[in-house]
Amino acid sequence: MGQYIVRRLLTAIPTILVISFIIFAVVDLSPSDPTGNLPLTIPPEVRQKIREALGADDPFVVKYVKWLQQFFISEPLNLIETSFGITFPGSEDRVRVISWATRGPVIDIIAERLPQTIWVVGSSYILGILIAVPVGVFSAYRQYSVFDQVGTFLMMVGFSVPTFFTGLMFIIIFSVNLKWFPSVYDTTLVVTDIETLQLQLRQMFMPVTVLTLYTTAQMSRYTRASTLENLQQDYIRTARSKGLTERVVVTTHAVRNSLIPVVTLIALGIPGIFAGALITEQIFRVNGIGQYLIIAIQGGDLPTVQTVTFIFAVLVVLFNIVADVLYGILDPRVTYT
Amino acid sequence: MKTKLTLLLIVIMALSSVFGIGVAQDMNEVTILYWQAASILNPYLSSGTKDNDASAIVLEPLANFGPDGSLVPVLATEIPAPENGGISEDLTSITWTLRDDVVWSDGTPFTAEDVVFTYEYCTHPEGGCVQSDEFAGIVSVEAMGMHQVKITFDAPKPYPFLPLVAQTTPILQKAQFGECLGAEMAACSDANFGPIGTGPFMVEEFRPNDVVSYVRNPNFRDADMGKPFFDRVIFKGGGDAESAARAVLETGEADYAWNLQISPAVLDAMEAAGNGQIAVAFGQAIETIWINPTDVSPDNPNRSVWMTDGSNAHPFLTNKTITQAMSMAIDTTIIAEQLYGRSGYATCNFINAPAAAVSTNIDCSQDIAGAIALLDEAGIVDTNGDGFREYNGHELRVQYQTSTNAVRQNTQALIKQWWSEIGVDTELRNIDAAVYFGGDPGSPDTFQKFYSDVEMYTTGSSSPDMEGFLGNNRCGQAPTPDNNWTGSNTPRFCNDEYDAILDELSATAGEAARAALFLRLNDILVQESALIPLVYRSSAASAFHNSLGGVEMNGWDSEMWNIEDWYRLDM
């Protein structure tokens with residue numbers, strides 16, 4: 001197993017490099033201009049100067065190699081320096097990945113935004129799983145019952161109604177009419193006591209609910225299908241004929257086996273937490289990673305778009321490996337050599 | 001399971017309603033929503049208005065523009081003028097006297113060195129300074145002692161109030177930005193994210209593209225008057241214009257929402273909730289019908305090209321009786337009231353600001369009977385009985401183009417109706433805005449090419465001084481194939497008197513004298529039928545909560561220009 005993991009990690013390196021090149025090429029070739037949002041009164045010569053100062057007009061290869069160096073050498077060195085309080089020679093001249101819009105290091109902004117993205121998207125993911133698994137299992141166990149029918153209907157609604165619609169509906173109901181929850185997320189809020197925790201929970205309620213609805217819908221369909229399949233297997237009949245109680249048959253035998261593909265799905269979905277929820281973050285002004293990526297794309301901010309999408313790509317590759325390893329642990333039939 | 005979940009939800013809601021919900025307006029804090037988030041707090045590296053406005057809360061220029069376009073001294077003691085010796089007789093230099101009682105928020109004194117440094121900072125050849133055009137034509141900026149700065153230009157500048165005036169070019173602290181020149185400009189993140197200013201607030205925390213929080217500047221020059229009246233400012237970004245308006249007008253979570261480019265019907269409905277109001281700023285933006293004096297027939301090889309000898313003239317639109325009648329047929333009041341609402345006023349003038357430049361010499365009230373009589377008297381009548389008049393054998397039939405936009409198409413429909421009443425036939429055409437304003441010299445549909453008899457769009461000036469704006473219509477600046485259709489004189493206007501006044505303007509100093517010349521230029525443009533002004537349009541619309549006082553919208557400067565005067569009303 002250990003050998004397998006090492007091998008997978010090593011083969012991931014060229015994959016990641018190819019991905020970084022493709023992302024860079026796609027972003028660089030897209031027709032966007034970092035000076036595009038400036039007022040019309042700023043003349044073309046000034047815009048040209050700004051692009052030169054940013055290095056936006058450098059040849060493709062130069063820009064790519066610069067980024068590689070900044071991301072793979074400068075950033076890790078900087079991370080080591082700041083976390084251990086040591087200084088390497090040449091620390092002053094080291095250029096980190098700098099955003100064209102904010103002129104500040106991209107990684108710092110990502111780090112600054114990660115907490116709110118994880119609070120909102122992460123908790124909705126966990127909440128979604130906690131609801132989806134029991135609902136899916138029970139739906140499958142009582143297939144075609146009223147619970148199953150209603151559940152299926154609700155899940156289809158949750159799955160097909162877009163978050164920008166549910167989000168807006170929530171704001172109109174809970175913020176405008178009832179005035180229960182704020183529609184503007186305060187990212188500067190620090191949880192220190194009961195009162196601030198309460199504020200935090202209140203401002204998280206709407207975005208989390210909107211996202212949970214969507215996650216639950218997706219996951220519970222998966223759980224239901226997988227459980228249905230397992231309930232018809234011979235070993236379930238064996239378990240029942242041994243005289244085991246229904247409770248044991250379902251929870252210990254059926255659910256355990258049904259959850260194997262669900263766990264994989266959950267693992268593969270974790271990088272999505274990092275990417276944030278593009279639309280929901282925008283609606284509630286959570287201003288996490290998703291909103292950062294949108295602004296960067298609109299502003300033609302190549303270093304930012306490149307860095308955020310690349311980190312996302314790395315996480316996808318890593319969690320694919322995690323999912324595969326988990327499969328081996330959960331399912332004794334799978335062995336890795 | 002479902003019932004438990006519902007129960008849980010009900011419990012959460014019940015709990016939350018017990019724990020005092022409802023948004024109270026904080027006495028000490030003001031919340032501003034910008035749907036575009038600020039990404040940097042240095043206007044010299046800004047990527048849009050949002051960055052300038054977020055900086056304006058901290059940084060200050062020598063003078064601001066007020067809502068009426070006049071100059072208001074900020075860091076200067078007075079506005080330089082020839083009378084006070086601030087502007088040299090040959091108009092090539094200007095001397096600003098700085099206030100000697102101003103300190104930076106870190107307590108160090110503000111001096112002429114900072115002003116000189118700001119000029120050097122933005123004009124450094126390797127810097128990529130966004131505002132460098134504002135400093136064009138400057139030979140030198142010198143400190144004359146601690147509190148005087150002399151700016152010398154390479155030619156007479158009768159209106160020298162571009163550099164270091166308004167929130168696009170505020171003064172930076174030399175001590176903080178001294179190391180940030182040229183290529184180092186972008187590397188100074190700490191300074192760019194937290195500039196030290198002289199303004200009413202200081203940056204407390206800046207999260208790029210998200211939120212800025214500011215705290216009161218204890219060293220603010222008007223601190224003894226209690227200014228600013230808030231302890232903190234939250235400048236939150238993100239989301240969209242509609243939800244920003246909702247947060248002020250419907251939920252009351254925020255005090256101010258910027259640039260609400262949303263449908264008037266939606267905005268009116270939100271305002272009706274009674275929590276706040278919409279404020280509109282007027283600068284110089286005018287919706288105009290432009291009249292083409294050149295021959296635009298499709299088979300003409302010189303289509304829409306102005307010839308100085310008058311050889312390529314339009315068959316009837318160069319006749320002033322006809323254009324005057326067309327102008328008389330239009331009721332601008334109906335257009336403004338029905339189609340623009342609070343975002344526009346009916347006007348007879350091309351120049352609607354500053355106040356002293358607004359002409360009263362032109363009457364543009366609708367007079368269809370008068371227009372008919374005018375045409376009849378001139379013998380321009382319908383001879384072939386098709387319901388439309390002819391002039392020298394040409395049917396009075398015009399093609400009228402504009403960009404695709406509901407308000408514009410409604411305007412077109414109204415005007416087509418009025419023109420048909422006086423016997424002028426109109427063919428309407430609308431072009432996608434991206435093409436029409438796109439400026440592609442290969443496209444036949446740009447507003448510069450003007451391949452139609454009349455067209456309609458909005459034009460404006462960002463400076464309250466109209467010299468540059470009116471200079472656009474100088475003879476010889478018409479778009480032609482030779483300049484790749486980039487000329488600024490869309491109406492192909494050519495008038496010796498007009499050009500002579502423009503020359504006079506470039507040597508005339510003093511606000512009143514210049515305003516008088518703007519007025520004369522306006523009258524010539526309108527009376528010589530280069531254009532028909534329709535609606536004086538607003539340049540910005542923002543919403544603010546009823547409990548927020550002191551907001552004064554400004555079409556010439558940052559909306560945050562007077563934030564030190566904002567206060568909380570007792571509700």
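Author: Before we start, helices (H or I, at least four residues) and strands (E, at least two) are DSSP runs, numbered from the N terminus.

Reader: Cool. So where does Val146(A) sit?

Author: Val146(A) belongs to helix H5 of chain A, residues 146-160. One caution early on: this is a predicted model, where local features need pLDDT of at least 70, side-chain atom pairs count only at pLDDT 80 or more, and totals for chains, interfaces and linings use all residues. As for labels, residues are numbered from 1 along each chain as its sequence is written, while chains are lettered from A and ligands numbered from 1 in the order in which they are written.

Reader: Is Val146(A) buried or exposed, and why?

Author: Val146(A) is exposed, because 8 other C-beta atoms lie within 10 Å. The cut-offs are 20 or more other C-beta atoms within 10 Å of its own for buried, 12 or fewer for exposed, and partly exposed in between, with C-beta atoms placed from the backbone.

Reader: And how far is Val146(A) from Leu38(A)?

Author: They are 108 residues apart in sequence and 58 Å apart in space, C-alpha to C-alpha.

Reader: What is chain A built from?

Author: Twelve helices and zero strands. Its C-alpha trace spans about 80 × 60 × 40 Å along the principal axes, and 35% of its 337 residues are buried.

Reader: Where is the confidence lowest in chain A, and where is it highest?

Author: By pLDDT, the predictor's confidence in each residue, from 0 to 100, helix H2 (residues 44-54) of chain A is lowest, at a mean of 82, and helix H4 (residues 106-141) of chain A is highest, at 91. The chain A average is 87, and 99% of the residues score at least 70.

Reader: Switching topic: how many residues do chain A and chain B put into their contact?

Author: Chain A gives 41 and chain B gives 43. Two residues are in contact if their C-beta atoms, placed from the backbone, lie within 7 Å. H2(A) gives the most to the chain A side, with six residues.

Reader: What's the mix on that side of chain A?

Author: It divides into 21 nonpolar, 13 polar and seven charged. Ala, Val, Leu, Ile, Met, Phe, Trp, Tyr, Cys and Pro count as nonpolar, Asp, Glu, Lys and Arg as charged, and the others, Gly among them, as polar.

Reader: Which way do strands E1 and E9 of chain B run?

Author: Strand E1 (residues 29-34) and strand E9 (residues 232-237) of chain B run parallel, joined by six bridges. Leu33(B) has Lys236(B) in E9(B) as its bridge partner.

Notes:
Two strands pair if DSSP finds at least two bridges between them.
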